[in-house]
Amino acid sequence: MGKPTGFIEYKRENPTKRDPFERTKSWKEFQIIMPEPVLRQQGARCMDCGVPFCQTGTTMDGSGEIGCPVYNLIPEWNDLVYRGKWKEALDRLHKTNNFPEFTGRVCPAPCEGSCTVAISDDAVSIKSIEYHIVERGFQEGWIVPQPPLKRTGKKVAVVGSGPAGLAAAAQLNKAGHLVTVFEREDRIGGLLTYGIPDVKLANEIVERRVKILEEEGITFKANVEIGKDVSASELKQDFDSVLLCTGATKPRDVEVEGRELKGIHFAMDFLTENTKSLLNSNHQDGQFISAKGKNVIVIGGGDTGVDCITTSVRHGAKSITQFDINRQKPDERSDKNPWPLFPIVHTVEDGQKEAKAVYGKDPRSYQVSTTKFVGDENGQVTEIHTIGVETTIDASGRKVRTPIPGTEKIWPADLVLLAVGFTGPEERIIQELSLETTSRSTIEAEYGKYMTSVPGVFAAGDNRRGQSLVVWAIHEGREAARECDRYLMGSSNLP
């Protein structure tokens, strides 16, 4: 814990960020390092709560999630920050999380929703403290390569270099195995590099950690697609074990009249091309989908949709609207969403704050369902037709969308971005290895064991779990590495 009376004496201070309007003029990160005295006070707010739900990391079927999926030792490093012991805090942070510089930037902080202080006050600013601990570690030179003292001689192939793949590779390398990570894109990082705008997670932050992993002995091979450049069967033959961390990258479509029109794109295509062009040429090559001067409609109310807003604002869109098929969330927890569950409440994300600063209003429209896309004589989308819907849950637990008469509307649209989720992993590797799959098209591999239907082949992250958070991907990558190590060596000392 921090100071015994800290949660009474000090109020929460949120991380300082540059003005929403001004920061849209660049792709630079906008969080500002807070003064050490302020951070120590924030650490002091961590109370002696007896049971720290913040670090529980579990789910309740049908209800939601509780606490940190990687089991971060939050009260311990909050106390160390309060006492000014930053290096010790970093050691405790790295004990459970390989990449706190990633989660400290992009995690939605389920830990804070389960903070005991949050029962009657604002939660401890856990995510901000995490961010500052790891950045202090880099600034002070405390984070250095730590290669294993000896090698086992076992070779492991990790397919995919997103958060699950990097976490698994880091852990397997610590165990002494010879790890090779295969990535089909031209840069390492997967979702971290091309799925999240550079303004939220700069590529240099990913590269900084990848360089350390390389110096620890991990081999990275970019521009190699398994099933195309190298067969999955070759991989299984050449390595003692294979760990699939390929994500759930098949986008869900909006199948209505006019879907074939030009100007309608999947969100991940928009985000990937933008970041690739930004990193390659600072957008000088023109090899991206531009929102400049266009009426942009983002279909989908989740984080990916917000990332599309963040990007479109910086392109100079004429207008931005985000469709959310659900009702606006309540300002406070409902009776069905009690503490310590992750709070399902109305929030305004950074991208939405930026859109409001630039265009004068929150970009979201709620209970909106698309019925038709309309285009001009050149096949370019110009309009979206919608209707309002009411969402209810039927007896089997399925969502039922009921149209609301009289709510039909036509919206001008020059660029439509589909951010309505993903349907599962791509199937090439699954089919080539003859892996069993679930009813949700994900790879069949028991949670906690991660072994697929093929011995020696493991799966972790979104391709096993379904679309989820970066922090859950890290959790699964770490656990799958432990089970892979156990398979190779008979036992494992990995956490």
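Colleague: How many positive and negative side chains does the chain have, and how far apart do the centres of the two sets lie?

Modeller: This is a predicted model. Its chain carries 62 positive side chains and 69 negative ones. The centres of these two sets are separated by 3 Å.

Colleague: Why is the chain called as compact as a globular protein of its length?

Modeller: Start with the parts: the chain holds 18 helices and 20 strands. For 495 residues the globule rule gives 23 Å. The chain is as compact as a globular protein of that length because its radius of gyration is close to that value, at 23 Å.

Colleague: What does the C-alpha trace span along its principal axes?

Modeller: Three spans describe the C-alpha trace of the chain. They are about 65 × 60 × 55 Å.

Colleague: What share of the residues counts as buried?

Modeller: The accessible surface comes to about 22,100 Å², and 48% of that belongs to carbon and sulfur atoms. Buried means under 20% relative accessible area. Of the 495 residues, the share that counts as buried is 51%.

Colleague: What part of the contacts joins residues 24 or more positions apart?

Modeller: Take the contacts with a separation of 6 or more. Residues 24 or more positions apart account for 68%.

Colleague: Which residues does UniProt give for the feature "domain: FAD/NAD(P)-binding"?

Modeller: The feature comes from an unreviewed UniProt entry. In the model, its span is 29% helix and 23% strand, with end C-alpha atoms 18 Å apart. The record places the feature at residues 154–477.

Colleague: Is Phe 99 buried or exposed?

Modeller: Phe 99 sits in the loop between helix H5 (86–96) and helix H6 (100–106). Leaving out residues up to four places away in sequence, Phe 99 touches several others, among them Pro 163, Leu 166, Arg 209 and Ile 474. The cut-off for buried is under 20%. Phe 99 has 1% relative accessibility, so it counts as buried.

Colleague: Why is helix H4 described as largely enclosed?

Modeller: H4 covers residues 74–82. Its buried residues include Ile 74, Trp 77 and Leu 80, and the buried set packs against H3, H5, H7 and H8. H4 is largely enclosed by the rest of the structure because the buried count is 7 of the 9 residues.

Colleague: Which residue with a positive phi follows H4?

Modeller: The phi in question is near 75°. The residue that follows H4 is Gly 84.

Colleague: Which residues of H3 are buried?

Modeller: The cover over them includes helix H1 (6–9), H4, H5 and H8. The buried residues of H3 are Val 38, Leu 39, Gln 42, Gly 43 and Ala 44.

Colleague: Which two residues does a cis peptide bond join?

Modeller: Look in the loop between strand S12 (319–324) and helix H15 (350–359), where Pro 340 lies. Omega of the cis bond is about 10°. The bond joins Trp 339 and Pro 340.

Colleague: Is Asn 282 buried or exposed?

Modeller: Asn 282 is in the loop between helix H13 (267–281) and strand S11 (295–299). Its phi is positive, about 55°, although Asn 282 is not a glycine. The cut-off for exposed is over 50%. Asn 282 has 51% relative accessibility, so it counts as exposed.

Colleague: What is the relative accessibility of Ser 441?

Modeller: Ser 441 lies in the loop between helix H16 (428–433) and strand S20 (457–459). Ser 441 has a positive phi of about 75° and is not a glycine. Ser 441 counts as partly exposed, with a relative accessibility of 35%.

Conventions
Residues are numbered from 1 along each chain as its sequence is written. This is a predicted model: local features need pLDDT of at least 70, side-chain atom pairs count only at pLDDT 80 or more; totals for chains, interfaces and linings use all residues. Side-chain values use heavy atoms; hydrogens and water are left out. Helices (H or I, at least four residues) and strands (E, at least two) are DSSP runs, numbered from the N terminus. The radius of gyration is taken over C-alpha atoms; the globule rule is 2.2 Å times the number of residues to the power 0.38. Buried means under 20% relative accessible area, exposed over 50%, partly exposed in between (1.4 Å probe, protein chains only). Contact means heavy atoms within 4.5 Å. Accessible areas come from the Shrake-Rupley method with a 1.4 Å probe; for residues, only the protein chains shown count as cover. Lys and Arg count as positive and Asp and Glu as negative; His and the chain ends are not counted. The place of a charge is taken as NZ of Lys, CZ of Arg, CG of Asp or CD of Glu. UniProt positions are given in the numbering used here, feature names are shortened, and annotations may be inferred rather than shown by experiment.
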